[in-house]
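Could you show me around this protein in my viewer? I would like to know what to select at each stop and what to look for there.

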Amino acid sequence: MFFQQLVMKQHLQEGSGDRDCPCQERFKTRYPCLPSHMSERHPIISVTGSSGAGTTSVRNIFDHIFRREGIHAAYVEGDAFHRYDRDEMKRQADRAMRQGNPHFSHFGPEANLLKQLENLFHQYGTTGTGQTRHYIHDFDEAAQFGQPPGTFTEWEPLPEDTDLLFYEGLHGALVSDGVNTAAPADLKIGVVPVINLEWIQKIHRDRSARKYSTEQVMETILRRMPDYVHYICPQFTHTDINFQRVPTVDTSNPFIARAIPSADESIVVIRFRDPRGIDFPYLLSMIAGSSMSRANSITIPGAKLELAMQLILTPIILQLVDRGRQAR
């Protein structure tokens, strides 16, 4: 699948765009029609990032867009496609350690149902149907679902008559080991903070929400590192847009940081896989403090991330949804 590019006003004014595009009128000047080979009836958006990268915050921005535009999304959590519950994962990790593999982790294929995830993407793109479940992370969710933390709910059908599927997790753009979750996704977003910031966010989340010690989080980071290099990082070459938060304060030792750098203490690098036709002057005029850093990248103040995502993503989402509704 291909990313829908932003297009300059001049592109349409010169007659190279499709003036019969079903998209809302106010977006015609910058966004052409979607390619005909995309999932016309049932589009898929995947947001990919490592543990602690901030994908949940990005999901909240998508939630705002969906709610404002009246879009009915089917949500799929990456954790739903872990192969093992928490207790069994510990047993499998211990077993792998005894067999000489100290790096068994959720980042790698052995601990996940990745082919099943790929099949879900294909099924939804074709029929708008599929199944998912929920992984219960903590006691609050345990009270909600009536099950212990670290377990899965039963598999259930996705809601009916949805406009799109929204995936958020570790493997939304994976091309490896006979699995390709990138191909069936129509829009792939990477959430990629610089690694020290990613670790700070993970440490603070795991200590506060999961009551882990700093040492336990460090052990997890070290155990996952080979899979991070081989299975997480390569996905960001397949994503259509990457959002990378970079702190402007010292994060040299993430393991002693007392606070996560705030949005005002960060910049965000937005990288487009294919910059051709992107109306960078428009984005620069709309986002105060933004600048071009490369031909395919723009930097913005950290506090402007939500605005930037709204400007860039809303028209793309509307076109995906409009085409799907017309095709159905």
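Start by selecting Lys90 and Arg98 and showing their side chains: both are exposed, on one side of helix α3. Keep in mind throughout that this is a predicted model. Now add Met89, Gln92, Ala93 and Ala96, which are the buried residues to compare with that pair. These four cover an arc of only 100° around the axis, which puts them on the same side of α3. An α-helix has 3.6 residues a turn, so residues three or four places apart point the same way.

Next, select the whole of α3, residues 86-98. The helix has 13 residues and reaches 19 Å from its first C-alpha to its last, close to the 18 Å expected at 1.5 Å a residue. Just after α3, click on Gly100, where phi is positive, near 95°.

Zoom out for a moment and colour by secondary structure. You should find nine helices and 12 strands. Of the 328 residues in the protein, 53% are buried. Among contacts with a separation of 6 or more, 75% are between residues 24 or more positions apart.

Now go to strand β12, residues 297-301, and pick Ile298. Is this residue buried or exposed? Its relative accessibility is 0%, so Ile298 counts as buried. Show the residues that Ile298 touches, leaving out those up to four places away in sequence: they include Val268, Val269, Ile270, Phe272, Phe280, Leu283 and Leu284. Ser290, Ser291, Met292 and Ser293 are also among the contacts of Ile298. For a distance to try in the viewer, draw a line from the C-alpha of Ile298 to that of Phe272: the two are 8.8 Å apart in space and 26 residues apart in sequence.

From there, move on to helix α9, residues 305-327, and select Gln310. With a relative accessibility of 15%, Gln310 counts as buried, because the cut-off for buried is under 20%. Beyond residues up to four places away in sequence, Gln310 touches Ile61, His64, Ile65, Arg68 and Pro315.

The next stop is inside the protein. How many cavities of 30 Å³ or more does the structure hold? There are two, and the largest has a volume of about 80 Å³. To see what surrounds the largest cavity, select Ser50, Ser51, Phe107, Ile195, Glu198, Trp199, Lys202, Ile221, Arg224, Met225 and Tyr228. Helices α6 (195-209) and α7 (214-232) are the elements that give two or more residues to this lining. Colour the lining of the largest cavity by residue type and you will find six nonpolar, two polar and three charged residues.

Finish at the second largest pocket, which has a volume of about 270 Å³. Select Tyr75, Thr132, Arg133, His134 and Glu156, which lie nearest its centre among the 15 lining residues. Which elements give two or more residues to the lining of this pocket? They are β2 (73-77) and β4 (156-157), and β2 gives the most, with four residues. By type, the lining of the second largest pocket divides into seven nonpolar, three polar and five charged residues.

How values were computed. Residues numbered from 1 in each chain as written. Predicted model: local features only at pLDDT ≥ 70, side-chain atom pairs only at ≥ 80, totals over all residues. Heavy atoms only, no water. Buried < 20%, exposed > 50% of the residue type's maximum accessible area, 1.4 Å probe, protein only. Contact = heavy atoms within 4.5 Å. Expected span 1.5 Å × (residues − 1). Arc of directions from axis to C-beta. 1 Å grid on protein atoms, 1.4 Å probe; cavity = no way out; pocket = protein on both sides within 12 Å on 5 of 7 lines; lining within 4 Å. Points joined across faces, edges and corners; volume = space filled by probe spheres on them. Nonpolar A, V, L, I, M, F, W, Y, C, P; charged D, E, K, R; others polar.
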